[in-house]
Amino acid sequence: MAEFSVWAPRPHRVKLDVDGELYDMTRSDDGWWRADVEARPDARYGFVLDDDPKVLPDPRSPRQPDGVHERSQLWQPDPSAWTDGDWSGRSIEGAVIYELHVGTFTFEGTFDAVIEKLDYLVDLGVDLIELMPVNAFGGTHGWGYDGVLWYAVHEPYGGPDALVRLINACHERGLGVLIDAVFNHLGPSGNYLPMFGPYLSTGSNPWGESINIADADADEVRRYIIDCALRWMRDFHADGLRLDAVHALVDTTAIHILEELSAETDALAAELGRPLSLIAESDLNDPRLITPRDQGGLGMTAQWDDDIHHAIHSAVSGEQQGYYNDFGTVEALATTLKNGYYHAGTYSSFRHRRHGRPLDTATIPGTRLLAYTLTHDQVGNRAVGDRPSQNLTFGQLAVKAALALGSPYTAMLFMGEEWGSSSPFQFFSSHPEPELARATAEGRKREFAEHGWDADEIPDPQDPETFERSKLNWDEIDEGDHGRLRRVYRELIALRHNEPDMADPWLDNLGIDYDEDRRWIVMHRGSLSIACNLGTDAVDVPVTGEVVLAWGEPEVAEDTTRIEGHSFTVIRRT
């Protein structure tokens, strides 16, 4: 006998369909409908609301073998399938995280194909992988941020059983696993949740209608979000979550949903006996997000820090359009690396207002901020999805790596950046509805045409070739400068792991010198100095000692070290 339940306060009648047989359900006062029915362990099931004959999938569906528009399937993780009983967990603070998209990381685009690359990631020095959303979404391929059945695993990647195999394989190799979770909106294809209950609020955000976390009847919606988050960490043994665009979670209640999730995550971590991490993506520059709950904060473990990305990318590349406008100088780079945020109650020309709040560097370690030179957003949301490797020299790419990996922050890489992948990462989708597919393609072209791009240059997200072009080319990882860059990434990561001075998380202990005119900057980490030349001409920097690692051929003199253009040098000072 299996118990079926669904929260559906809106319909007057709900019937349960199990393998084509209909059963009456009983409603309780809290809006939950229940029925106990004999069912196979892998039975297909769904719900029929009022007089609409369509069988709808379960909002908490554990599996969607036929896509998000069809019946759900019963699924429970087989306890005997888990082989990670000795896994003691891994905190993200100070680690090296590797963000990847399952569908384009390998040619096959599956969880099992990712397993074949794990030994490569271990050799690179990665501590955790971060999977872009793997929840069920409409179509066969996409970024995953338009999920509609958050509890189910995207079947074209291999479904839930394959995800279990991947996480087992990671833990067996000492790799942690983070899962990107999207709780701020629902996708447009297969979103049946509003037919069941008030999952959406009266507000909106750039991606659609907002989720109801503070309006009437929000308690069950909040529970829906928190239970989903805990499911990834409990049932799938994930080591934490990356929470997408939390600034779009508008919560006017006294206890913010992120604070509530943080508390329940800590409780689950205590129950499981291993650390669990929550990484928030936020553009607010608000340190309260990463301040512990007992100090009045929301208790997130860490947050993505776009200011660090913008400061590094703009200073190295020279790009200053849009939100890069306030960056580009070596001074802005030094300020951001030293303080964590560049905009900290200061004027943002992009926003036309003051932005951010200062970080208390005496109480909040740098490891609660993520430093990166690349993310899926910073490539895929460009008009043609071009990577920095398609526009910069390998020396410039090496300088960016030294700045991010040599910093006191938790570091993150985006798949392929370590060898300067030549593959773009473009925005792609596969909506099965013709009208939605057309609207997505036209909207993308219109958006960038308004910023001066030729609409014909914008890749069609619905064209399968856009997806295929975005797959990594693994054949180039050892070729020429690609292989040289990969080896430098590996050595920079090894420095983070092996040098005690590189483990100091406190920004107050970070020393920075720079010269705006000559375009060099030096980060001092204890006895180590990471000296970077952002310009094209060789420069003499006022630091000397033993060269530990370099891109280029540095010349060490008595009081200075000469560094080639577009290169860096790590020096152990004597």
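Which residue stands opposite Ile521 in strand 24? Keep that one in mind while we walk through this predicted model; the tour gets there near the end.

**Stop 1: the domains**

Start by colouring the chain by its domain assignment. Domain 1 covers 2-56, domain 2 is made of 96-333 + 370-487, and domain 3 covers 508-573. Now show domain 1 together with domain 2: their C-alpha centres are 34 Å apart, and the contact uses 12 residues of domain 1 and 10 residues of domain 2.

Next, select residues 76-496. UniProt, in an unreviewed entry, lists this stretch as "domain: Glycosyl hydrolase family 13 catalytic". In the model, 34% of the span is helix and 14% is strand, and its end C-alpha atoms lie 39 Å apart.

**Stop 2: the barrel**

Switch to cartoon and pick out strands 8, 9, 12, 15, 16, 17, 20 and 21. You're looking at a closed barrel of 8 strands, in the order 8-9-12-15-16-17-20-21, with parallel pairing. On average, neighbouring strands here are turned by 30 degrees against each other, ignoring direction.

Zoom in on strand 8 (residues 96-100) and strand 21 (residues 410-414). These two run parallel and are joined by 4 bridges. For a specific pair, click on Glu99: its bridge partner in strand 21 is Phe414.

**Stop 3: a helix pair**

Select helix 6 (residues 218-234) and helix 7 (residues 257-272). Their axes come within 10 Å and cross at roughly 30 degrees, and the crossing is right-handed. Turn on side chains to see who does the touching. From helix 6 come Arg222, Arg223, Ile225, Ile226, Ala229, Leu230, Met233 and Arg234. Helix 7 answers with Ile257, Glu260, Leu261, Glu264, Thr265, Leu268 and Leu272. Colour this contact by class and you get 9 nonpolar, 1 polar and 5 charged residues.

**Stop 4: the open sheet**

Now select strands 22, 23, 24, 29 and 26. They form an open sheet of 5 strands in the order 22-23-24-29-26, with antiparallel pairing. Strand 22 (511-515) and strand 26 (545-551) are the edges, each pairing on one side only. From one strand to the next, the twist averages 20 degrees.

Focus on strand 23 (residues 520-525) and strand 24 (residues 528-533), an antiparallel pair with 6 bridges. Here's the residue from the opening: Cys532 of strand 24 stands opposite Ile521.

Before leaving, add two helices to the view. Helix 11 (residues 394-405) packs on the sheet and touches strands 23, 24, 26 and 29 (567-573), with its direction at about 145 degrees to that of strand 24. Helix 14 (residues 480-498) also packs on the sheet, touching strand 26 and strand 29; its direction makes about 135 degrees with that of strand 26.

Definitions and conventions
Residues are numbered from 1 along each chain as its sequence is written. This is a predicted model: local features need pLDDT of at least 70, side-chain atom pairs count only at pLDDT 80 or more; totals for chains, interfaces and linings use all residues. Side-chain values use heavy atoms; hydrogens and water are left out. Axes are lines fitted to C-alpha atoms, for helices over the stretch in contact, and angles run from 0 to 180 degrees between N-to-C directions. A crossing is left-handed if the near helix is turned anticlockwise from the far one by less than a right angle, and right-handed if clockwise. Contact means heavy atoms within 4.5 Å. Ala, Val, Leu, Ile, Met, Phe, Trp, Tyr, Cys and Pro count as nonpolar, Asp, Glu, Lys and Arg as charged, and the others, Gly among them, as polar. Two strands pair if DSSP finds at least two bridges between them. UniProt positions are given in the numbering used here, feature names are shortened, and annotations may be inferred rather than shown by experiment. Domain bounds come from an automatic or database domain assignment.
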